[in-house]
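I opened the model today to look up a few residues and their surroundings. My notes follow in the order I took them.

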Amino acid sequence: MTMIRRRVVVHGRVQGVGFRYACEVQAGRLGVGGRVRNLDDGTVEAVVEGDDVAVDALIAWLHQGPRHAEVTRVEVHDEEPEGLSGFVAE
């Protein structure tokens, strides 16, 4: 397994729908580290780090989000891994 890190910005109706909490739960299930937070422009940003399969699985989930979210666009940026452990919703 290869350790990777991605910064993901999710656009659409993604604030006020439980997105951060649901992302934190999903990240815990997959065993990835990082954080998720709301940004002032109405998007949600997630920094995700872990093995490539688990990170890719969380990114796939971010493309749809929780039940009440309406994701319109997802930007994925590669970053250098920092050895994060645990995942928090900020």
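**Notebook: annotated residues, core, ring pair**

I began with N38, which is partly exposed at 30% relative accessibility. The model is a predicted one, and I read every value with that in mind.

*Entry 1. Annotated positions.*
I checked the UniProt record next. The unreviewed entry places the feature "active site" at R20 and N38. These two span 19 residues in sequence, yet their C-alpha atoms are no more than 7.8 Å apart, so they gather at one spot. I noted that N38 lies in strand β2, residues 33-38. R20 is found in helix α1. I then looked up exposure for R20: the relative accessible area is 28%, so R20 counts as partly exposed.

I listed contacts for both, leaving out residues up to four places away in sequence. N38 touches Q15, R20, T43 and V44. R20 is in contact with V36, R37, N38, A89 and E90. The R20 list thus includes N38, and the N38 list includes R20.

*Entry 2. The core.*
Which residues touch the most other members of the largest nonpolar core? I found F19, V32, L58, L62 and F87, out of 23 residues in that core. I then asked which elements supply at least two residues each. They are β1 (3-13), α1 (19-30), β3 (44-51) and α2 (52-62). Helix α2 gives the most, with six residues.

I followed F87 further. Beyond its neighbours within four places in sequence, F87 is in contact with C23, E24, A27, V32, G33, G34, R35, V36, V47, V48 and L58. V32 and L58 are on that contact list, and both are also among the residues that touch the most other core members.

*Entry 3. Aromatic rings.*
How many aromatic pairs are there? I counted one. The rings are those of F19 and W61, with centres 5.6 Å apart and planes at 55 degrees. I call the pair tilted because the angle falls between the 30 and 60 degree cut-offs. F19 sits in helix α1 and W61 in helix α2, 42 residues apart, so the pair links distant parts of the chain.

Are these two buried or exposed? F19 is buried, at 2% relative accessibility. W61 is buried as well, at 13%. The cut-off for buried is under 20%.

*Entry 4. A69.*
I went to the loop between α2 and β4 (70-79), where A69 is found. A69 counts as buried, at 11% relative accessibility. Setting aside neighbours within four places, A69 is in contact with R13, V17, F19 and Q64. F19 therefore turns up again, this time as a contact of A69. I also looked up a C-alpha separation: A69 and E80 are 11 residues apart along the chain, and 29 Å lies between them.

*Entry 5. H11.*
My last residue was H11, in strand β1. Its relative accessible area is 14%, so H11 is buried. Which residues does H11 touch, not counting those up to four places away in sequence? I wrote down T43, E70, V71, T72, R73 and E75. T43 is also on the list for N38.

Notes
Residues are numbered from 1 along each chain as its sequence is written. This is a predicted model: local features need pLDDT of at least 70, side-chain atom pairs count only at pLDDT 80 or more; totals for chains, interfaces and linings use all residues. Side-chain values use heavy atoms; hydrogens and water are left out. A nonpolar core is a set of buried Ala, Val, Leu, Ile, Met, Phe, Trp, Tyr and Cys residues joined through side-chain atoms within 4.5 Å. Buried means under 20% relative accessible area, exposed over 50%, partly exposed in between (1.4 Å probe, protein chains only). Helices (H or I, at least four residues) and strands (E, at least two) are DSSP runs, numbered from the N terminus. Contact means heavy atoms within 4.5 Å. UniProt positions are given in the numbering used here, feature names are shortened, and annotations may be inferred rather than shown by experiment. Rings of Phe, Tyr and Trp (its six-membered ring) pair if their centres lie within 6.5 Å; planes under 30 degrees apart count as stacked, over 60 as edge-to-face and the rest as tilted.
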